Amino acid sequence: MPRFDISAELTGQIQLTHDIFLLTIEAGEIADAATPGQFCMVEVRSAHSRDPLLRRPLSIHRVVRGKKIAFLYRNVGRGTRLLSRYSPGERLHVLGPLGHGFQMPSGHPAILVGGGLGSAPLLFLAEELPRDSRVTVILGARTGKELLSVDQFTALGHRVLLTTEDGSLGRQGLVTDVLSEVLTHGPDSRPCIFSCGPWPMMKAVYAMAHKRGLSCQVSLEARMACGIGLCLGCAVPCRDGRGYLHVCTEGPIFNAEEVFWGPSQ
Ligand SMILES: Cc1cc2nc3c(=O)[nH]c(=O)nc-3n(C[C@H](O)[C@H](O)[C@H](O)COP(=O)(O)OP(=O)(O)OC[C@H]3O[C@@H](n4cnc5c(N)ncnc54)[C@H](O)[C@@H]3O)c2cc1C
Ligand code: FES
């Protein structure tokens, strides 16, 4: 699979909430090669040093083929704080696209389940799903302000269901409450489920899919030093107990059946 290590001009940096940003860069080669679910390693540097040394992994949120890619990211620490200080016109070193993306459903309806920043890879997926797919998007967050990309999902014509923990937007509760209703009462018999969000949420989504024998793909995160299979630092245990999955090369998108979700799975 082609990948590119480029110096990219930053074309947009929009602060969406107190800690969430939408970053756009000129990266035509990566935009052309990327598939939904893939990620890039982004180098962030303070002005006068090579620190932090390691690049940070970010999912590809959107592409304009031949031109741009966008990342949706939360400022959680040193690297992402530095990233949030970059301005249009500055340049970033970006390596990508990396990893394996989502496998597209053939002829099946799709249910996308995103918690918090889960919209990061799911919007690209929603944009690339076959035009005739029936798509339901279930988005959840703690509060309405933290629900991301709602207008963009809606503009695609998909059914979008919202849920917040505090009830400030959409239905009060968790994405899994809505997923349970959609699976029980929905018209679609064999939907494929795609999920990204916090681990306990994806674990619960997987459990619901497994119980019904449905296909479920998840986007996993792990601390990454290299992003290309060299350091073996991104390992997560396999379900069968016989080894590890490497998130950067074998993922970040996995069939949820392959993952060891914890003792009570
Ligand atoms: C394949 C992949 C795709 C990702 N896509 C996105 C995305 O689209 N948007 C986004 O905001 N974030 C994404 N992440 C997570 C992002 O890479 C981390 O938040 C980022 O590297 C943190 O760097 P930092 O220097 O700001 O934080 P640090 O100072 O290194 O750490 C701050 C806190 O964040 C936690 N943390 C750091 N890295 C990770 C990680 N990889 N996974 C889970 N927790 C971590 C640390 O444990 C610590 O608590 C992705 C991670 C992976 C592996
Ligand atoms: S991050 Fe180095 S092997 Fe996956």
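How do the residues of the shell around ligand 1 divide into nonpolar, polar and charged? In this predicted model, the shell holds eleven nonpolar residues, alongside four polar and five charged ones. Ligand 1 itself is found in the largest pocket, and the elements contributing two or more residues to its shell are strand E4 (56–59), strand E6 (68–74) and helix H2 (78–83). Strand E4 supplies four residues, the largest share of the shell.

A look at individual residues fills in this picture. There are 20 residues around ligand 1, and those that come nearest are Arg 56, Pro 57, Arg 74, Gly 79 and Thr 80. For Pro 57, a backbone N or O atom lies 2.6 Å from an oxygen atom of the ligand. Arg 78 also takes part through its backbone, with a polar atom 3.3 Å from an oxygen atom of ligand 1. With Glu 221 it is the side chain that is involved: one of its polar atoms is placed 3.2 Å from a nitrogen atom of ligand 1. On its own, ligand 1 has 860 Å² of accessible area, and the protein covers 76% of it.

Turning to the aromatic residues, four aromatic pairs are found in a search of the whole structure. One of them is formed by Trp 199 and Trp 261, whose rings are 4.6 Å apart from centre to centre, with 45 degrees between the planes, making the pair tilted. These two tryptophans bring together distant parts of the chain, being 62 residues apart. Trp 199 belongs to helix H6 (residues 199–211), whereas Trp 261 lies in the segment after strand E16 (253–255).

The backbone, too, has some details worth a pause. Two peptide bonds leading into proline can be described here. The bond from Gly 96 to Pro 97 is cis, its omega being near -5 degrees, and Pro 97 is part of strand E7 (residues 91–98). Gly 251 and Pro 252 are likewise joined by a cis peptide bond, in this case with omega at about 10 degrees. Pro 252 is located in the loop between helix H7 (247–250) and strand E16, and E16 is also the strand that precedes the segment holding Trp 261.

A further backbone feature concerns Ser 149, a residue other than glycine that has a positive phi, near 65 degrees. Ser 149 is placed in the loop between strand E9 (135–141) and helix H4 (150–155).

How values were computed. Residues numbered from 1 in each chain as written. Chains lettered and ligands numbered in written order. Predicted model: local features only at pLDDT ≥ 70, side-chain atom pairs only at ≥ 80, totals over all residues. Heavy atoms only, no water. Near = heavy atom within 4 Å. Polar contact = N/O pair within 3.5 Å; in protein donor to acceptor, adjacent residues only side chain to side chain. Areas by Shrake-Rupley, 256 points an atom, 1.4 Å probe, with all protein chains shown as cover. 1 Å grid on protein atoms, 1.4 Å probe; cavity = no way out; pocket = protein on both sides within 12 Å on 5 of 7 lines; lining within 4 Å. Sits in = over half its atoms within 2 Å of the grid points. Nonpolar A, V, L, I, M, F, W, Y, C, P; charged D, E, K, R; others polar. Phe/Tyr/Trp six-rings, centres within 6.5 Å; stacked < 30°, edge-to-face > 60°.
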